[in-house]
Amino acid sequence: MKLLSKSPLKKTGKNQLPLIPLRELVIFPYSVVPFFAGRPATIKAIEKAMEGDKNIFLAFQKNKNDNPTPEDLFPVGTIAHILQILKLPDGSLRVLVEGRMRADLIKVFQKNEMANVNFRPIAEPGAPTKIEASLMTTVKNSFIQYSKLVKKVPGEILTSIEKAENPDKLISLICTNLKLSAGKKMEFLTTKENKIRLENLAVTVEMENEVITLKNSINGRVKKKLEKTQKEYFLNEQLKEIQKELGSEDSDPSGSKELEEKIMAMDLPEEVEIKALKELKRLSRLQPMSPESGVLRTYLEWITDLPWGVRTEDNKSLRSAADLLDKDHYDLKKAKERILDFIAVRQLKENLKGPILCLAGPPGTGKTSLGRSVAKALNREFIRISLGGVRDEAEIRGHRKTYVGALPGKIIQSLKKAKTENPVFLLDEIDKMSNDFRGDPAAALLEVLDPEQNATFVDHYLEVPFNLSKVMFITTANSLHNIPRPLMDRMEIINIPGYTDFEKLEIASRFIIPKQLEENGLDKAHITMEEEAILKIIRSYTMESGVRNLEREISQVIRKITRKAIVDYQSRGGRYVINTAAMHMHQHNYAVREIDDASNVDVSTIRLHITEDMISQFLGKEKFSESDLKTEKKCGMATGLAWTEMGGRVLPVEVKLYEGSGKLILTGKLGEVMKESAQIAFSFLRSNAESFGISPTFNKEKDIHIHVPEGAIPKDGPSAGITMTAALLSAIKNIPLRKGIAMTGEITLTDSLLPIGGLKEKVLAAHRNKIYTVLIPEKNRGDQEELPQEILDSMTFHPCSSVKDALVKLFPRNTFK
């Protein structure tokens, strides 16, 4: 394209010219542009113009119609002068025209079988105003920047733009050389006011500059990345040739050959093998340094590292399994019997699915360690996963391998470590899981812990099924209330209640003391502890269902003995002889003494028999003593029993009546169910006032305050109903209950005493607190069979079916007529 100086039109006396409609092409004044003409009417109009002054009117179509009507044309066009015509072989014309000026299209009419127009030239304004001059400078500068970015604008055009003195010429030149759509160009052609045209053009040019700058930046980054990829490709090809020259052309930089050998050597399920070989084929085609290559290689390594079909041989000897379980744990009969049942059935049916057990009980009762002992008894690998605080479903099922840093879930990860597909799998603290926006891990465990589904467990990362049916799953929980019902339904619940004092004594003698002597370096010493000393630790220094604190206290005793032995060794001439008068273990007596060398201490010379009197010297002041609240004989006081996740507890209840307006006040951080039990007790006594010899309006001028001590601890449940009723009646009648009796049971308004749960834990709690008489609902009589014989021998039970019968046994004789 070249530029010509604008020449004036010849004066014909009429503003009429042949019409040439153009599609998708806009021609501005001051520009020389070619176009092609193929429509008969257009060719005829051009030939007619060539016979005259060679001027034509270029109108621009709004659409692509071959036969446009006046409505299809924009109201402003360009008057152009034909510079050259070239006839093409197909009969069409190539026309080179020079734009002269803009003009309004007035009327279209037919003359001599061709379209003509009446037009009115758009006059050019004079010298630009100051605002227009400023806008022209801005537009020129922007276009110069545009030319530097695109690098395709000829120098003569830039010169013409820089020298342009009137707005119309500047706008026409720039619009002709900008890559704008036909619609956008028509906006500049049809707008009459130059100030608006210049403002819009300045914005348009700046926008084009920003787009081109951004595009160049993107193109530069893409080019750089491509260059890097090409460079890596050429370097890899050169490396291959170098290795070939060195005779090491069989090297495997991607690791695909090594993985293929592993896959073919393994006995993989058909579906897994097909998937692995498919991914292996993809890996072999990728460059070793590409990111996707690393993802696939890691995935295939996980496939080959898993124990597909690898199992350990189970121990089939019932005697050895039973001996091993008894050696590691005392009692726990139900759990041990279930394991022995599994071993027995396993001998008759080889393809037995692994059981899914849930050991539920207070802390410190040996649930976790029992899982480890089960693995030993079965001769299987042991895996433990703690689920406490897990709230992400991906912890169980894994992430899709497309994610950065994706890994399988904990189930598959642990099986890789176990290197066998039939381990004992302990899911610890299953009741401590939670959920959030990332999913619910308990829902993911539904498939894992379902014997009918886990044979085809699909981890999100592996995307192929793995057989978990051979795994023996054991879960542990302190409370079953927090486990979702569908998940609990899949597990066989084995309750592990708290231990009695006798059981703790046996556990301490058989397991804890030997273990602590060994851990503290005194396993070869002659140290014994009498039963009374152990019982004192149990009753005066611990108050728990399990034996965890008991082990801590015994460990403290053994540590102090070890410390004393080291300090006194040399002063005794290489022989430790216990001096009971010197057993005051206060730190200032011996801690400051220097020890030259304790490595030569002969532990076998240490002899000590620990008696009950020595315990307070080792452990200090007793931590637990009999509470007045639990045993004292006062009006308005009753001793209840409660079940908690930590085991059973004694729950005293206090009631006071004083002058007031009949309000019922409940304190002690009680739950809704417990508050309702208090209301039921109140209503029951009012409705049966005559039977108990009290006034039906006992609360009319009295306020009743029911308090359950240890107010910082939340309490709830219906089993305190009988306790609240007895305490309330005691306060009303001003008669204390019989001393040394605890109670539990849910009451109703119709005088029924309903059964409760956790009887064993509650009775053990009473026994720990030296309460040997317990009132229970009649329907809980059968639960006494679960209690150890030594508890049954030392306790007295009063089963009652009604509230009235229970109250008669709780109060002194002849209280009620």
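A residue counts as partly exposed when its relative accessible area falls between the limits of under 20% for buried and over 50% for exposed. In the predicted model described here, Lys770 has a relative accessibility of 47% and therefore belongs to the partly exposed class. Lys770 is placed in the loop that joins helix 26 (759-768) to strand 23 (773-777). Its backbone is notable for a positive phi of about 60 degrees, although Lys770 is not a glycine. Most residues other than glycine have a negative phi. A second lysine, Lys669, likewise has a positive phi, of about 55 degrees, without being a glycine. Lys669 is found in the loop between strand 18 (664-667) and helix 23 (672-687). A positive phi of about 80 degrees is also taken by Gly620, just after helix 21.

Helix 21 itself spans residues 612-619, and Met614, Ile615, Phe618 and Leu619 are buried within it. These four residues lie on the same side of helix 21, because the arc that they cover around the axis is only 120 degrees. A comparable analysis applies to helix 10, in which the buried residues include Ala321, Ala322 and Leu325. Their arc around the axis is only 95 degrees, so they share the same side of helix 10. Arg319 and Lys327, by contrast, are exposed on the other side of helix 10. The packing partners of the buried residues of helix 10 are helix 11 (333-348) and helix 12.

Helices 10 and 12 also take part in the lining of the second largest pocket, which contains about 680 Å³ of space. The pocket is lined by 23 residues, and those closest to its centre are Gly366, Ser369, Lys515, Val547 and Glu551. Two or more lining residues come from each of helix 10 (318-328), helix 12 (367-378), helix 17 (501-519) and helix 19 (548-568). Helix 17 makes the greatest contribution to this lining, with four residues. By class, the lining of the second largest pocket comprises eight nonpolar, seven polar and eight charged residues.

Enclosed space was examined as well. Rolling a probe the size of a water molecule over the atoms shows where empty space is left. Six cavities of 30 Å³ or more are counted in the model. The second largest cavity holds about 60 Å³ of space. Its lining consists of Arg311, Phe342, Arg346, Glu350, Leu352, Lys353, Gly354, Arg380, Asn422 and Lys470. Six residues of this lining are charged, two are nonpolar and two are polar.

Aromatic contacts were searched for over the whole structure, and nine aromatic pairs were found. In one of them, the ring centres of Phe684 and Phe692 are 6.0 Å apart and the planes meet at 55 degrees, so the pair is classed as tilted. Phe684 and Phe692 are both buried. Phe692 also forms an edge-to-face pair with Phe816, with 5.5 Å from centre to centre and 70 degrees between the planes. Because Phe692 belongs to helix 24 (residues 689-692) and Phe816 to the segment after helix 28 (803-810), this pair ties together parts that are 124 residues apart in sequence. Phe816 is buried, as is Phe692. Together with Phe811, the residues Phe684, Phe692 and Phe816 form one aromatic cluster.

Asn699 is located in the loop between helix 24 and strand 19 (702-707). With a relative accessible area of 9%, Asn699 is buried. When residues up to four places away in sequence are not counted, Asn699 touches Ser661, Gly662, Phe682, Arg686 and Ile704.

Finally, Lys111 is found in strand 5 (residues 93-111). Its relative accessibility of 42% places Lys111 in the partly exposed class. Lys111 and Ser290 are separated by 179 residues in sequence and by 72 Å in space, taken from C-alpha to C-alpha.

Technical notes
Residues are numbered from 1 along each chain as its sequence is written. This is a predicted model: local features need pLDDT of at least 70, side-chain atom pairs count only at pLDDT 80 or more; totals for chains, interfaces and linings use all residues. Side-chain values use heavy atoms; hydrogens and water are left out. On a 1 Å grid over the protein atoms alone, a cavity is a set of points where a 1.4 Å probe fits but cannot get out, and a pocket is an open set with protein on both sides within 12 Å along at least five of seven lines; lining residues have an atom within 4 Å of a point. Grid points are joined across faces, edges and corners, and a volume is the space filled by probe spheres set on the points. Ala, Val, Leu, Ile, Met, Phe, Trp, Tyr, Cys and Pro count as nonpolar, Asp, Glu, Lys and Arg as charged, and the others, Gly among them, as polar. Buried means under 20% relative accessible area, exposed over 50%, partly exposed in between (1.4 Å probe, protein chains only). The arc is that of the directions from the helix axis to the C-beta atoms. Contact means heavy atoms within 4.5 Å. Rings of Phe, Tyr and Trp (its six-membered ring) pair if their centres lie within 6.5 Å; planes under 30 degrees apart count as stacked, over 60 as edge-to-face and the rest as tilted.
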